[in-house]
Amino acid sequence: MPKLFKTKKPIDNCLLFEFYTQKDLALSFCRVEEFYEGNPKVNGKYLILEEFLDQFMDKNGKINYFEYWSGFNIPGDVFTKWFHMNASDKTRWETALAEEVSKKLDMTRPYYVIGGKKGDMNTIDHEIAHALYFMNKIYALKMTELVYAFYKQDRKNYTKMVNKLKKMGYGANVIRDEVQAYMSTSTKKELVEKFELDYDTALPMVKQFRKVLSGYNTYKKKS
């Protein structure tokens, strides 16, 4: 099997997979990601590949999933649970992913796994925001407070974002985490076109989210 990715550690005990192709990225992460933050039909459930295809393929045989998602993130406890649940049912892509995690991370303490395409720094920053939310308690507290402030101060934009996230298939268990990651890394175009936010109204909150992330994301400085 050709080399699929290279790995780095943007923060302690967090492994970043930088894939060379979108195909290999999506095939490696699709089932474990849906196990973590998918809709209720797949979230936390054992999902064989046949069921995954049935869930995400439309009646014309098309699966947008593999080209739509450019980044993935999995908390260590979730990855470990999925790892054992699928011990005898891993594709070659998933096997390569699991072997690298077990080799390079300490799975006996909190860890995190993230992935994106090589060179896609906007997506990688987004996934690092997720890792920080899970791994750094101070960062998580600051971002949780900002999510609440967003809800209180700009309810209209907050509601638009949350409703869109739910339509995108995110489970309720990850909504706050997704809000902080999208608000801290999304471009103006993405916030307006994907979430239909009133950008001028949202901008003061966007700046606050970005400031917190920039204070903790040292990946670019290390690279």
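User: Which residues line the second largest pocket?

Analyst: As a general idea, rolling a probe the size of a water molecule over the atoms shows where empty space is left. In this structure, which is a predicted model, the second largest pocket is lined by Tyr36, Pro75, Tyr112, Tyr133, Phe134, Ala172, Asn173, Val174, Ile175, Arg176 and Asp177. Its volume is about 190 Å³.

User: Which elements supply at least two residues of that lining, and how do the residues divide by class?

Analyst: Both H6 and H9 do so, and H9 supplies the largest share, with 3 residues. By class, the lining of the second largest pocket holds 8 nonpolar residues, 1 polar residue and 2 charged residues.

User: How much space lies in the largest pocket, and which residues lie nearest its centre?

Analyst: The largest pocket encloses about 710 Å³ of space. Its lining counts 34 residues, and those nearest the centre are Tyr68, Trp69, Met168, Tyr170 and Tyr182. Two or more lining residues come from each of helix H1 (22–37), helix H3 (65–68), strand S3 (71–75), helix H6 (121–135) and helix H9 (175–185).

User: Which element gives the most to the lining of the largest pocket, and what is the make-up of that lining by class?

Analyst: The element that gives the most is H6, with 5 residues. The lining of the largest pocket comprises 10 nonpolar, 13 polar and 11 charged residues.

User: I should next like to read the sheet. What is the order of its strands, and why is one side of S1 and of S3 left without a neighbour?

Analyst: A sheet is read by following which strand pairs with which. Here, 4 strands form an open sheet in the order S1-S2-S4-S3, and the pairing is mixed. Strand S1 (5–8) and S3 are the edge strands; each has a single partner strand, so one side of each has no neighbour in the sheet. On average, neighbouring strands of this sheet are turned by 15 degrees against each other, direction ignored.

User: How many bridges join S1 to S2, and which residue is the bridge partner of threonine 7?

Analyst: S1 and strand S2 (residues 14–19) run antiparallel and are joined by 4 bridges. Threonine 7 has phenylalanine 17, in S2, as its bridge partner.

User: Where does H1 lie, and which strands does H4 touch?

Analyst: H1 lies across S2, S3 and strand S4 (112–117), and runs at about 40 degrees to S3. Helix H4 (residues 76–85) also packs on the sheet; H4 touches S3 and S4, and its direction makes about 85 degrees with that of S3.

User: How many salt bridges are found in the whole structure, and what does the one between aspartate 12 and arginine 109 tie together?

Analyst: The search finds 9 salt bridges. One of them joins aspartate 12 to arginine 109, with the closest N and O atoms 3.2 Å apart. Aspartate 12 belongs to the loop between S1 and S2, and arginine 109 to the loop between helix H5 (92–104) and S4, so the pair ties together parts 97 residues apart in sequence.

Conventions: Residues are numbered from 1 along each chain as its sequence is written. This is a predicted model: local features need pLDDT of at least 70, side-chain atom pairs count only at pLDDT 80 or more; totals for chains, interfaces and linings use all residues. Side-chain values use heavy atoms; hydrogens and water are left out. On a 1 Å grid over the protein atoms alone, a cavity is a set of points where a 1.4 Å probe fits but cannot get out, and a pocket is an open set with protein on both sides within 12 Å along at least five of seven lines; lining residues have an atom within 4 Å of a point. Grid points are joined across faces, edges and corners, and a volume is the space filled by probe spheres set on the points. Ala, Val, Leu, Ile, Met, Phe, Trp, Tyr, Cys and Pro count as nonpolar, Asp, Glu, Lys and Arg as charged, and the others, Gly among them, as polar. Two strands pair if DSSP finds at least two bridges between them. Axes are lines fitted to C-alpha atoms, for helices over the stretch in contact, and angles run from 0 to 180 degrees between N-to-C directions. Contact means heavy atoms within 4.5 Å. A salt bridge is a side-chain nitrogen of Lys or Arg within 4 Å of a carboxyl oxygen of Asp or Glu.
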